[in-house]
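Please walk me through this protein model, from its overall make-up to its sheets, helices and cores.

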Amino acid sequence: MFEQILPVSDPVLMFALLMLTALLAPRLAECIKLPGIIGLIVAGILIGPHGLGILARSSEVELLSTIGLLYLMFLAGLELDLDQFIRHRLHSLTFGLLTFSIPLILGTLMGRYLLGFSWPASILLSTMFSSHTLITYPLASRLGLARQRAVTTTIGGTLITDTLALLFLAVIAASYRGDASVLFWSQMSLFMVVYALAVFLFVPPLARWFFRHIASDGIIAYTGVIAAVFLCAHLAHVAGLEPIIGAFLAGLTINSFIPENSTLMNRIQFVGQSLFIPVFLIAVGMLVNVRLFLTGGEAALIAGSMVFAGIVTKWMAATASERILSYTKDEGMLIYGLSVNQAAATLAAVMVGFRIGIFTEHVVTGTIVMILVTSLAGSWLTDRYARRVALREESKPYSPSDSPQRILIPLANPETAEELMNLAMMIRSPGSHEPLYPLTVVESGSYADERERVANAEKLLVHAVVRATSSDITAIPVTRTAIDIPSGILQAKTDLLISTTILGWKGSVSFHAQTFGHKLDTFVERSRQMVLISRCRGPINTVKRIILAVPPLLERQAGVGRALHTVKTLTQQLGASLLSVAVPSTMEKVRDIISATPPRITENEVVLEQWDELLPWMKNHVSSKDDLVILFNARKGKLPWRPINNKMPRLLIGQQPDMNLVVVYPPEKSEDERSATETAPMAGKHLVLMPENTELDLRNTTVSDAIGRLLQKEFAGQEDVIKRIAGYLAAMGEKAPTELAPGVVLLHAHIPEVSRPTACLGVNRDGWEMPHTRADVRALFLLLSPSAAPPEVHLQALSELIEPLRATETLERIFNAGDAGDIVGLWRRPQP
C-alpha cells in the first residue's frame, strides 16, 4: 500500500511536508541540545529516498534546493561588512590560500597513495576538501556576528577557496575530456574576466538607478533584487563559473544599497531563512545513502578517509590562520566551524567527476557521508564557539557609545515621515534594545479641532510604527498636546529621557528666521541633547559618500564623541565612505576621536586653510545624487558658535538646492555628565539586590517554579501577591523576555508592594529554555519597581542592574557562584 503512494508526487503535499519538516526538525534537535541545522539534515535523511522514502529528490525539490543554496551565498555577500572585508583583505587572502592549499596537497597525496586513484582523480578529490559551503553561517549571523572579523575573514576566504576549487574542477574535467587546448584556456579566461568586470562595473549603477526611480515600495524592491541575484548566478554559469559565485558577487555589489536595519534586508532574510535555506539543508540530507556505506569495505575505506581528510585538513588551516593572524582561540575555532562544512562545491565536483567517469559510486557515497559528518561537526562547533565570541563581543569595556540610545522622531508632514524614520533606523546602534519614539504634537485649541488633529496625528503614527515594525524594530508611538510644537517636543524629550531627536526641514525659511524657522530654532536652542535636522531629497540608502563638515572649535564640545559615533554608525549602515572636512586644528582632534570611536569605516579627510573656504569647496566637490552632507553646528552662545553658523545651512541649500543635508547639534554634555545630571532626582532609590533574594541552585525547575521561589523570599506569606506577580512575569517570559546577555534574562514589573526598586536573582547551571533567546538561560533576574514611582526610577534601576553584566568575568562569577555574598556586592546597596 505504501509503495503505491510513496514517494509523494503531489507537489502541494510535497511542499507541505517540506514546510512541516522545516518547522519541526529544528525544534526537535534543540530539545536534545543540538543546533537546528543538524535537525534539518537528519530529517532529510529520514524522509529522503534512502530513508523512509516519503519524498524523492524530484525536480521540485532540486529547484527549491538550488534556490536555497544560491540564496545562502547571496546572503553571505549581502551581509558582509565591505569595509571590514577591505580592511581584513589580507586576512581573507591568508585564510583562503591556507584553507585551499593544505587540503589540496594532503588530499592529493591521500588519493594517490592511500586510495590508489590516478593523479587527475586525486587532484579532483582534493578540491572537494579545499572547498567549503557556509551552511552554518546563519548560526553566526543570528548571533549578530555577521560583521565580526573572524566571520568576515571566513567569508572572504570562502570566496577565494571556492573559486580556486571550481577552477581546478573546470581544468581537470577539460583535461580528462581532452579539451584543454589553447582555445579552451583563452575562452575560459576571457569569459571569467568579462563576467567579473561586468558585475562590478554595471550592477552598482543599475542598482542605484533602480532604487531611486523604480523601487517605489517594498514588493518591487524585493522582486528586483531577487531577479538580479539569479540573473547574475545564471550569467556566472554562462561564463564557466559556478552559479554560487555569481550569487555571492551579486550580494557583494548590492550590499551598500540595502542597510542592515532596513525593511528590505528584513524581508530578504525572512524569506531565505524561513523557506529556501531550510529546504536546501533538507535536500542535502536526502542525498545520504547510509545502506551503501554499510555494505562494502571499499566504500567504508573511501568514506572514512574522506571524512578524516575533510575534518583534519580544515582544522589545520583554521589553526594556522588563527596563529598567523593573532586571533583568539575561540575565533580560530569559529573559523573552523564555519569552514569545515562541505556541500555545494563538493557536490559539484563529485557529480562532475562521476559523470565523466573519474569517480565511482563509492566516491559519491563517501562524499555524502563526508557532507553529513562535516555538517554535523560544523554545526556543533559554530553554535558553541559563536556563542563564546558573541559573549566576548557583548562584554567589551564600556564606552560612551554603549550608553542607552533613545531616539525621538517628531512627525508632522506625511511626505517626510518615511525619510525621518529611515534615518532613525540607520543611526540606531546595531544590537540596541531601545525602541524608537515617533511623536506627534497637537497644539491646544478648541475641543473639536483638537480631537480632529489628534486623530490625524495618530494616523501618521500608525504608518511610522508599521515602517519600524517591518524592519523588526520596536516603535512606541507618542502623542503630546501642548501650547506650541517646541514645548510639546521638549515635554516628550524630558518624559522619555531622550538622547537624540530627529526633525525634518523643508529647506526654506522665513525672513525673520535665524537658521531653520521659528519652531525648529526654538527647539534647538532649548534642547541640550543631540539634535539632527534632516533635509534629504532622495532615498538615503543610495548614498555612496558622507561628507562631514566640522566647524572650528566644535571639537571642544563635550558631546562631540557621541555625535561622531552616530555619524560613523550611519556610514557603516549605508556601506558608504566618510570624508571629513575641517581646518587644521580641528581636523587633528576630529581625527583622534574618529579613530578611537567605533565602528570602523573607510575614512578620508580634506583640510581647509580657512572655514570660509567650505562653500566653494562644497560647490566643486559635492554630488547632489551620491553624497550626503552632515554639517556639525553649535548653539548660539557656545564657544564654537559664530554668526556664519546660523547662515550655513541656508547657504548650502541655496548653492545646491538638491543637496542631501543633515545638520547635527552635538549634545552639550558628555554621557557621564548627562547621566549624573538626569538621574540626580533619583537619589535614594538605588537598586536593591540582597543575599536573601538570591537562589543559586534552581536546577530541575521550570521558569514558573523559579519565579515563584524567588518571590517567596521577598513576599513570604503573601500567596495572593506571589501568584499575581508570578503569573504576570511568567507570561512575559513566554512572550518577550529581555535578554541582557547570552544566558542572562530579565523579567520586570511595576507593582505597589515595593517602595524602592528590588531585584531577585536565580541561577540554574543546567539552564532553562526560553523563547527568543540565543542560549539556554542560566541566570534569571527579576526587577520589581514601585508602581507609584516615575518611569525614570525604573530606567535607572535597569541601568544599574545591567552595568556590572558588561564584563565577562561578572557572568562567569554569577554562573559559578557558591555563595550569594560573592555576587551581590556587584550592585549598589540601598542608601541608609
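The paragraphs below go from the whole chain to its parts.

This is a predicted model, in which local features need pLDDT of at least 70, side-chain atom pairs count only at pLDDT 80 or more, and totals for chains, interfaces and linings use all residues. Residues are numbered from 1 along each chain as its sequence is written, and side-chain values use heavy atoms, with hydrogens and water left out.

The protein contains 31 helices and 15 strands; helices (H or I, at least four residues) and strands (E, at least two) are DSSP runs, numbered from the N terminus. Of its 832 residues, 56% are buried, where buried means under 20% relative accessible area, exposed over 50%, and partly exposed in between, with a 1.4 Å probe and protein chains only. A contact means heavy atoms within 4.5 Å. Among contacts in the protein with a separation of 6 or more, 79% are between residues 24 or more positions apart.

One open sheet is built from 10 strands in the order S3-S2-S1-S4-S5-S10-S9-S6-S7-S8, with mixed pairing. Two strands pair if DSSP finds at least two bridges between them. S3 and strand S8 (603-607) are at the edges with a single partner strand each, so one side of each has no neighbour in the sheet. Neighbouring strands of this sheet are turned by 25 degrees against each other on average, direction ignored. Axes are lines fitted to C-alpha atoms, for helices over the stretch in contact, and angles run from 0 to 180 degrees between N-to-C directions.

At the S3 edge, strand S2 (residues 436-443) runs parallel to S3 and is joined to it by 5 bridges. Val442 is opposite Thr481 in S3. In a regular strand the side chains alternate between the two faces of the sheet. Strand S3 (residues 478-482) shows this alternation: Val478, Arg480 and Ala482 point to one face and are buried, whereas Thr479 and Thr481 point to the other and are not buried.

Further into the strand order, strand S4 (residues 500-504) pairs with strand S5 (residues 530-535) in the parallel sense over 5 bridges. Ile502 has Leu532 in S5 as its bridge partner. Helix H19 (residues 414-427) packs on this sheet and touches strand S1 (407-410), S2, S4, S5 and strand S10 (660-665), with its direction at about 150 degrees to that of S4. Helix H25 (residues 614-621) also packs on the sheet; it touches strand S6 (545-549), strand S7 (577-582), S8 and strand S9 (627-632), and its direction makes about 175 degrees with that of S6.

Another open sheet has 5 strands in the order S11-S14-S15-S13-S12, again with mixed pairing. Strand S11 (694-695) and strand S12 (738-741) are its edges, each with a single partner strand, so one side of each is left without a neighbour in the sheet. Strand S13 (residues 744-751) and strand S15 (residues 777-786) run parallel and are joined by 8 bridges, and Leu747 is opposite Leu782 in S15. Helix H28 (residues 703-714) packs on this sheet, in touch with S11, S13, strand S14 (758-768) and S15, and its direction makes about 45 degrees with that of S15. Helix H29 (residues 719-735) packs there too, touching S13 and S15 at about 140 degrees to the direction of S13.

Next come the nonpolar cores. In soluble globular proteins, nonpolar side chains tend to be buried together. A nonpolar core is a set of buried Ala, Val, Leu, Ile, Met, Phe, Trp, Tyr and Cys residues joined through side-chain atoms within 4.5 Å. The largest one has 125 residues, and those with the most contacts inside it are Leu125, Leu145, Phe211, Ile258, Ile268, Leu334 and Phe359. Helix H13 (residues 263-286) gives the largest share of this core, 13 residues. Not counting residues up to four places away in sequence, Ile268 touches Tyr71, Phe74, Leu75, Leu78, Tyr222, Val225 and Ile258. A second, separate core of 47 residues includes Met421, Ala424, Val550 and Ile593.

Two helices can be read for burial. Helix H4 (residues 59-78) is mostly covered, with 15 of its 20 residues buried. Helix H7 (residues 119-130) is mostly covered as well, with 9 of its 12 residues buried, including Leu124, Leu125 and Phe129.
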